[in-house]
Structures are given as structure tokens and as C-alpha cells.
Amino acid sequence: MRLKPQTVARARAIDPLLALLLPTLREIRVAQQELSWLKQEIKDPIKLRRACIRRGHLNVPLQYVLGTQPFGKLDIQCRPGVLIPRWETEEWCLNLCRLLHMHNKQSSLNVVDLCTGTGCIPLTIAKECGVHNNKISGVDISTQAISLFRLNIRTHFPTTDTNINPILGDVFQPLEMFQSQTGIQCADLVTANPPYIDPAQFVDPLHTERSVRRYEPRLALVGGVEIYRAIFNLSQGLQSKAIILEVGSLSQIDFVRSLAHPNWHSVAVKDSAGNYRAVALWNNPDFEFLKKMGSFNPTEF
């Protein structure tokens, strides 16, 4: 739908840069909010105008224009080719960290985050739960992702022996090959935000935004239930005591539960919008507290 000329004129009267953002953002109110964020980060007028053109006319995601995305207490570095962290992931990740603190499980953990992308999940666990007594690894098949994860480690833990390890690896590898390539032999807790969007949904403009389809990596977004099978089997091979997987639907939770039955306990996790967003599983009484993830209120953060 084309913008009304009077809307463009009104935006230009407020600030000429607003009109540059309207082709993507459509509404003056939304454009004003994003322009304020852009002005906070970009002081050079020429660079600011170019940023507005990239965002408004080329539909580049704001996080790629600004170069960061807030996630918990961190500003995660973002680059094209690597998935932008989402608020839904932030919610369950902070949920997990709070529960680890409440139940004194924040130290001496061996955590492995699969399909790690920017490293937002392991970095947040390290920030919230400490880095000295924990071993935290982030694994991804993408060299771009691992490179960006390393940058985020240097940005947020520049002088600390963090025990945070960015590792190139493929969850579809046989266990022995995965262990040999990554050096990961076991894990207490496995987390993952895997590619779970159905291919038909990905190409549907009503389900997936154009900027996502155009600029974010399909490899990190599109997948089927088989990746859940691969992650669950790999986690079992690593003798994990608990697994937390992000999902896009209740049917994906049901599939994961079908893999785990009857040796694992599980709980479905909704986000603050009321959508099913994760499933937590455990087979060790030390992680029984994960059942609270199903009722933890993310708005308390």
C-alpha cells in the first residue's frame, strides 16, 4: 500500500529524516521512535542520513544499521549474515538465569549452547551466573556466527578469563565426530535456539517480514523437526542433565516430548505474548526447578 502524500509531507515537516524512514515503517509514530534511536547512536549528519536510507528505503533491519541489539544487560553486536537476537529468546534466557540463581545452580556448570549465532545466550548466562566457575560453550556451523561470537566475547569480557568458548560445529554430525571436532565431551545443560521456521511460513509475507527474508540468514531460520531430533540425540550423547530448546509452536514441543518420553520430565514455556516459545526437559533431580519455567512471569524482569 502506497503512502499518502499528506503523511509524507507531515513527516517531512517534523523532520526530513522521518520521511526517509516511512517506506519501511509506514507510521510517523514508529518512525519517530526509530529515528531517536538512530540519532542516539549516529552523530555524523551524513552517516545518519545514509542510515535512514538503508533502514527506510532498503528495508535493512535496524539492528544491522545500528550494529547492536540489547539482550538482558548486554548490547549484542550484530552483523549481516548472523541471526539478530529476539526478545522472545531474551525472555526465556533471563528466566533460566533467574531460576539458576534462585536454586543456587549458577556455578560449576558445563553449559553448551547449540546454534549459538551471536552468542547472546551463553554470553547472558555468563553475565548473569558468573564466568569463573562455569564452562560455557557456544557452537555454530557458521564461520560468520563464530567470528561475531568472538567479537561479542571481547566486547563484554575484554580482560577476564571467561571460560566462554566459541566453537565451530555441526549438530547433525555423529556424536564421536562432534566430540572430536569441538572438544566437547559432556554437558550439564544444553540450550539452543535452532532454525525452526517451516519453509512455507518463511516465504509467506504474512508470517515472515520482508526484511527478515531478505537480510537474515536462512540457515539460522528455516528448519524442520529433524533438527530437534539431532539436538536431543546429541544432548543425550553428551550426558546432559537438562535441555532447553526454543520452539515456534506447540506441535514442535510435542515432537520433542515424543523423543524424551519416558525418561525425561518436561514443561512447555510461553512468552509474554502468550505464544509457546520453549520447552525445558530434565532427567536429573538437580534440575527439577526447571518446571518453574512454565509459570515464571517474564514481566518481573
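Contact here means heavy atoms within 4.5 Å, and a residue counts as buried when its relative accessible area is under 20%. The structure is a predicted model, and its protein chain is assigned domain 1 (5-59) and domain 2 (77-294), with 35 Å between the centres of domain 1 and domain 2, taken over C-alpha atoms.

Helix α1 covers residues 5-14, and its buried residues are T7, V8 and A11. These residues lie on the same side of α1, because they cover an arc of only 95° around the axis. An α-helix has 3.6 residues a turn, so residues three or four places apart point the same way. The buried residues of α1 pack against α2 (16-25) and α3 (28-41), whereas P5, Q6, R10 and A13, on the other side of α1, are exposed.

A second packing concerns helix α6 (residues 87-102) and helix α7 (residues 120-129). Two packed helices are described by the angle between their axes and the distance between the axes; for α6 and α7 the angle is about 30° and the axes are 10 Å apart, and their crossing is right-handed. The residues that meet in this contact are listed by helix below.

| Helix | Residues in the contact |
|---|---|
| α6 | T89, W92, C93, L94, L96, C97, L100 and H101 |
| α7 | I121, T124, I125, E128 and C129 |

By class, the contact of α6 with α7 has nine nonpolar, three polar and one charged residues; the charged one is E128 of α7, because Glu is counted as charged.

Terms used. Residues numbered from 1 in each chain as written. Predicted model: local features only at pLDDT ≥ 70, side-chain atom pairs only at ≥ 80, totals over all residues. Heavy atoms only, no water. Domains from an automatic or database assignment. Buried < 20%, exposed > 50% of the residue type's maximum accessible area, 1.4 Å probe, protein only. Helix = DSSP H or I, 4+ residues; strand = E, 2+ residues; numbered from the N terminus. Arc of directions from axis to C-beta. Axes fitted to C-alpha atoms, helices over the stretch in contact; angles between N-to-C directions. Left-handed = near helix turned anticlockwise from the far one by under 90°.
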